[in-house]
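The following exercises concern charged pairs and the surroundings of one aromatic side chain. Each task is followed by a worked solution.

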Amino acid sequence: QVQLEESGGGLVQAGGSLRLSCAASGRTFSRWDMGWFRRAPGKEREFVAAVNWSEGGTYYADSVKGRFTISRDNAKNTVFLQMDSLKPEDTATYYCNKVFRGSGRWLAGSPNWGQGTQVTVSS
């Protein structure tokens, strides 16, 4: 029953940067892998990035590899997504969630999504 609150989105020009934050309340998530997802208008939610709960290993969708960096601060129950070299196709609402590996994919571990934070990249 952890609650998630995303922030840090905004309007940025192509090539610019944003840093998203995800704050968790209630149950701590220090022992869960955490990840970011995004949903663009008219499209399904897709996986973006994940970070291991303890060792800090990171994983990225091919579309953002080399441009985005995921990290976490377990003491503060916070996950970050540093987004550089942003492209118009990155425009979406971004969500965080617990994640787990299944069938070769990263899947959301909780049905309780936050409100997300809007990222808009102009050309």
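**Salt bridges and their setting**

The structure holds three salt bridges, a salt bridge being a side-chain nitrogen of Lys or Arg within 4 Å of a carboxyl oxygen of Asp or Glu. The model is predicted: local features need pLDDT of at least 70, side-chain atom pairs count only at pLDDT 80 or more, and totals for chains, interfaces and linings use all residues. Residues are numbered from 1 along each chain as its sequence is written, and side-chain values use heavy atoms, with hydrogens and water left out.

**Exercise 1.** Determine which residue forms a salt bridge with Glu46, and classify the accessibility of both partners.

*Solution.*
1. The partner of Glu46 is Arg38, with 2.8 Å between the closest N and O atoms.
2. Accessibility classes follow relative accessible area: buried means under 20%, exposed over 50%, and partly exposed in between (1.4 Å probe, protein chains only).
3. Glu46 has 32% relative accessibility and therefore counts as partly exposed.
4. Arg38 has 6% and therefore counts as buried.

**Exercise 2.** Locate the salt bridge between Asp90 and Arg38 along the chain.

*Solution.*
1. The N to O distance of this pair is 3.0 Å.
2. Arg38 belongs to strand S4 (residues 34-39), whereas Asp90 lies in the loop between strand S8 (78-83) and strand S9 (92-102), so the salt bridge ties together parts that are 52 residues apart in sequence.
3. Strands (E, at least two residues) are DSSP runs, numbered from the N terminus.
4. Both Asp90 and Arg38 are buried.

**Exercise 3.** Add the salt bridge between Arg67 and Asp90, and state which residues the network joins.

*Solution.*
1. The side chains of Arg67 and Asp90 meet at 2.8 Å, N to O.
2. Arg67 is in the loop between strand S6 (58-60) and strand S7 (68-73), and Asp90 in the loop between S8 and S9, 23 residues apart.
3. Through shared partners, salt bridges join Arg38, Glu46, Arg67 and Asp90 into one network.
4. Arg67 and Asp90 are both buried.

**Exercise 4.** Describe the surroundings of Tyr94.

*Solution.*
1. Tyr94 is placed in strand S9 and, at 0% relative accessibility, counts as buried.
2. Leaving aside residues up to four places away in sequence, Tyr94 touches several residues, among them Trp36, Arg38, Phe68 and Val119, where contact means heavy atoms within 4.5 Å.
3. The C-alpha atoms of Tyr94 and Val119 are separated by 7.1 Å, although the two residues are 25 residues apart along the chain.
4. A polar atom of the Tyr94 side chain lies 2.7 Å from the backbone oxygen of Asp90.

Note on methods
Helices (H or I, at least four residues) and strands (E, at least two) are DSSP runs, numbered from the N terminus. A polar contact is a pair of N or O atoms within 3.5 Å; within protein, one must be able to donate a hydrogen and the other to accept it, and residues adjacent in sequence count only if both atoms are side-chain atoms.
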